Amino acid sequence: QVQLVESGGGLVQPGGSLRLSCAASGSIFSIRAMAWYRRAPGKERELVAVIDNGGNTNYANSAKGRFTISRDNAKNTVYLQMNSLKPEDTAVYYCFVNSFGYRGSQADWGQGTQVTVSS
């Protein structure tokens with residue numbers, strides 16, 4: 001079983017910054033990809049950013065130039081640094097981890113953390 005613990009959400013003014021963290025623990029032999037998704041009110045969940053075990057990253061167009069995804073392999077933790085936040089970034093942010101463990105290939109989601117951008 002894999003546990004994902006997210007932190008770092010909150011209320012921020014437009015133009016501000018937040019840093020999300022997601023720590024994975026449990027039956028993990030290795031982690032392949034780590035990602036952040038978000039779901040805004042009334043919208044479908046969308047991919048924000050992903051990072052693989054080689055450090056390669058990919059971003060949604062809406063996140064490019066403002067958000068940075070990174071990972072600490074020693075801590076099994078993924079981060080999302082969000083700068084120049086806009087009201088349209090308001091959403092629940094979820095981390096996603098694709099790993100290998102006792103179950104073989106595993107896909108697990110965090111519980112979600114609320115990010116609200118408002119003045």
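Below, a biologist puts questions about a predicted model and a modeller answers.

Biologist: How many helices and how many strands are in the chain?

Modeller: The elements run β-β-β-β-β-β-β-β-β-β-β from the N terminus on. No helix interrupts that run. The counts are 0 helices and 11 strands.

Biologist: What radius of gyration does the chain have, and how does it stand against the globule rule for 119 residues?

Modeller: The C-alpha atoms fill a box of roughly 45 × 25 × 25 Å along the principal axes. The globule rule gives 14 Å for 119 residues. The chain comes close to that, so it is as compact as a globular protein of that length. Its radius of gyration is 14 Å.

Biologist: Among contacts between residues at least 6 apart in sequence, what percentage join residues at least 24 apart?

Modeller: The pool to count is the contacts between residues at least 6 apart. From that pool, take those whose residues are at least 24 apart. Their share is 55%.

Biologist: What share of the residues counts as buried?

Modeller: The cut-off is under 20% relative accessible area. The chain has 119 residues to sort by it. Its accessible surface comes to about 6200 Å², with 46% of that belonging to carbon and sulfur atoms. The buried share of residues is 45%.

Biologist: Which cysteines form a disulfide?

Modeller: The cut-off is sulfur atoms within 2.5 Å. One pair has its sulfur atoms 2.0 Å apart, so it meets that cut-off. The count comes to 1 disulfide. The pair is C22 and C95.

Biologist: Which strands does that disulfide link, and how many residues apart are its cysteines?

Modeller: C22 lies in strand β3, residues 18-26. C95 lies in strand β9, residues 91-101. The pair links distant parts of the chain. The strands are β3 and β9, and the cysteines are 73 residues apart.

Biologist: Are C22 and C95 buried or exposed?

Modeller: Buried means under 20% relative accessible area. C22 has a relative accessible area of 0%, so C22 falls under that cut-off. C95 is at 0% relative accessibility, so C95 does too. C22 is buried, and C95 is buried.

Biologist: How many residues of β9 are buried?

Modeller: C95, in β9, counts as buried. The strand as a whole is mostly covered. Of its 11 residues, the buried ones number 9.

Biologist: Which residue stands opposite C95 in β9?

Modeller: Strand β4, residues 30-39, pairs with β9. The two run antiparallel over 9 bridges. Opposite C95 stands W36.

Biologist: What is the bridge partner of F96 in β10?

Modeller: A hairpin of 2 residues joins β9 to β10. Strand β10 covers residues 104-109 and pairs antiparallel with β9 over 6 bridges. The partner of F96 is W109.

Biologist: And what is the bridge partner of V92 in β11?

Modeller: Strand β11 spans residues 113-117. β11 and β9 pair in the antiparallel sense over 3 bridges. The partner of V92 is Q114.

Biologist: Which are the edge strands of the open sheet of 4 strands?

Modeller: The order is β1-β3-β8-β7, with antiparallel pairing. The twist averages 15° from one strand to the next. An edge strand here pairs on one side only. The edge strands are β1 (2-7) and β7 (67-72).

Biologist: Which residue in β8 is the bridge partner of F67?

Modeller: β7 runs antiparallel to β8, residues 77-82. The two are joined by 6 bridges. The partner of F67 is M82.

Conventions:
Residues numbered from 1 in each chain as written. Predicted model: local features only at pLDDT ≥ 70, side-chain atom pairs only at ≥ 80, totals over all residues. Heavy atoms only, no water. Buried < 20%, exposed > 50% of the residue type's maximum accessible area, 1.4 Å probe, protein only. Pairing = 2+ DSSP bridges. Rg over C-alpha atoms; globule rule 2.2 N^0.38 Å. Contact = heavy atoms within 4.5 Å. Areas by Shrake-Rupley, 256 points an atom, 1.4 Å probe, with all protein chains shown as cover. Axes fitted to C-alpha atoms, helices over the stretch in contact; angles between N-to-C directions.
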